[in-house]
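Got your viewer open and a selection box ready? Let's take a walk through this one, stop by stop.

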Amino acid sequence: MAKLTKKQKEAMSKYDASKAYTLEQAAGILKEISYTKFDASVDIDVRLGVDPRKADQMVRGVATLPHGTGKTVRVLVLCTPDKEQEAKDAGADFVGLDDYIQKIEQGWTDIDVIITMPTVMAKVGRLGRVLGPRGLMPNPKSGTVTLEVGKAVQEVKAGKIDFKVDKQGAIHTSIGKVSFSPEKLVENAQEIIATLVRLKPSSAKGTYVKAINLSSTMSPGVNIDKGTVAGI
């Protein structure tokens, strides 16, 4: 096992890693044990009792965090000329079609979210090999393939996130920054958890939410007592 640094030892001394805490307690602990010089991201991990290898147990959805993620989201809109001004007015960072498709084919992926229209998906579809592995491929289920490109841009900028269960049956996503107040972190976490509960597959048997963990960039994780989280 790797040797703990002085800062890691100090962080570990401020809480009991074997204990489960409320969301409120965990958010407060993270603010105490985060020692990065930058404003670290706060992430939530939720382990679900599903088998993602089965199509009817694939959990995927979107949630709009009440306080956003704290990140500056770079949005590219691939659309027809008649929608370009709508996208720009909504705050899109990059707007176009063929020129950006060519840039992406050449390896450019300096963006966080791509929004496009059903009418141009035939062109965008050929970018799957580049965008798919990076999680950037637009998808109707996440609201990134739509005719309402302006509305989609505004939602993403306001804190709408897309998440999908991984091969281990876990959801991992950002819920803010260490600079957020504990209250804001808790409310964002509650929104993610409530969304996951609503998305529970009917075929999932046994315990659905198995474990919840909060962590920040380079900090140890803090286990959450599920019994203290409303709605589970």
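Which loop does L136 lie in? Select L136 and you'll land in the loop between α6 and α7. One thing to keep in mind as we go: this is a predicted model.

**Stop 1: L136**

Is L136 buried or exposed? Its relative accessibility is 8%, so L136 counts as buried, the cut-off being under 20%. Now show what surrounds it: leaving out residues up to four places away in sequence, L136 touches T109, I111, D112, V113, I114 and L131. Draw a distance from L136 to I114 and you should get 6.3 Å between the C-alpha atoms, with the two positions 22 residues apart along the chain.

**Stop 2: the largest pocket**

Keep D112 and V113 selected and add G135, I161 and D162: of the 35 residues lining the largest pocket, these lie nearest its centre. The elements that give two or more residues to that lining are β3 (60–64), β6 (113–116), α7 (149–158), β7 (160–164) and β8 (170–177). Colour β7 separately, since the largest share of the lining, 5 residues, comes from this strand. How much space lies in the pocket? About 900 Å³. Colour the lining by residue class and you'll get 12 nonpolar, 14 polar and 9 charged.

While you're here, click Q154, which is found in helix α7. Q154 counts as partly exposed, at 48% relative accessibility. From Q154 to V62 is 14 Å, C-alpha to C-alpha, and the two are 92 residues apart in sequence.

**Stop 3: helix α4**

Next, select residues 98–105, which make up α4, and pick out its buried residues: Y100, I101 and I104. Look down the helix axis: these buried residues fall within an arc of 105 degrees, so they line one face of α4. As a reminder, an α-helix has 3.6 residues a turn, so residues three or four places apart point the same way. What covers that buried set? Turn on β4 (75–78), β5 (94–96), β6, α5 (121–124) and α6 (128–131), which are included in the cover. Just after α4, stop at G107, where phi is positive at about 110 degrees.

**Stop 4: two nonpolar cores**

Select I44, L48, I192 and L196. In the largest nonpolar core, which has 38 residues, these four touch the most other members. Elements giving two or more residues to this core are α2 (23–33), β2 (41–48), β7, β8, α8 (182–198), β9 (209–216) and β10 (222–224). Another core, of 29 residues, lies apart from it, and its members include I111, V113, I115 and A152.

Go back to L48 and expand the selection. Beyond residues up to four places away in sequence, L48 touches V59, G169, I171, L196, Y208, V209 and K210.

**Stop 5: T22 and M218**

Two loops to finish. T22 is found in the loop between β1 (20–21) and α2, and T22 is partly exposed with a relative accessible area of 21%. Now add D225: the C-alpha atoms of T22 and D225 are separated by 5.7 Å, although the residues are 203 apart along the chain. Setting aside neighbours within four places in sequence, T22 is in contact with I224 and T228.

Last click: M218, in the loop between β9 and β10. M218 is exposed, with a relative accessible area of 56%. Check its backbone too: phi of M218 is near 70 degrees, a positive value in a residue other than glycine.

Technical notes. Residues numbered from 1 in each chain as written. Predicted model: local features only at pLDDT ≥ 70, side-chain atom pairs only at ≥ 80, totals over all residues. Heavy atoms only, no water. 1 Å grid on protein atoms, 1.4 Å probe; cavity = no way out; pocket = protein on both sides within 12 Å on 5 of 7 lines; lining within 4 Å. Points joined across faces, edges and corners; volume = space filled by probe spheres on them. Helix = DSSP H or I, 4+ residues; strand = E, 2+ residues; numbered from the N terminus. Nonpolar A, V, L, I, M, F, W, Y, C, P; charged D, E, K, R; others polar. Buried < 20%, exposed > 50% of the residue type's maximum accessible area, 1.4 Å probe, protein only. Arc of directions from axis to C-beta. Contact = heavy atoms within 4.5 Å. Core = buried A, V, L, I, M, F, W, Y, C linked by side-chain atoms within 4.5 Å.
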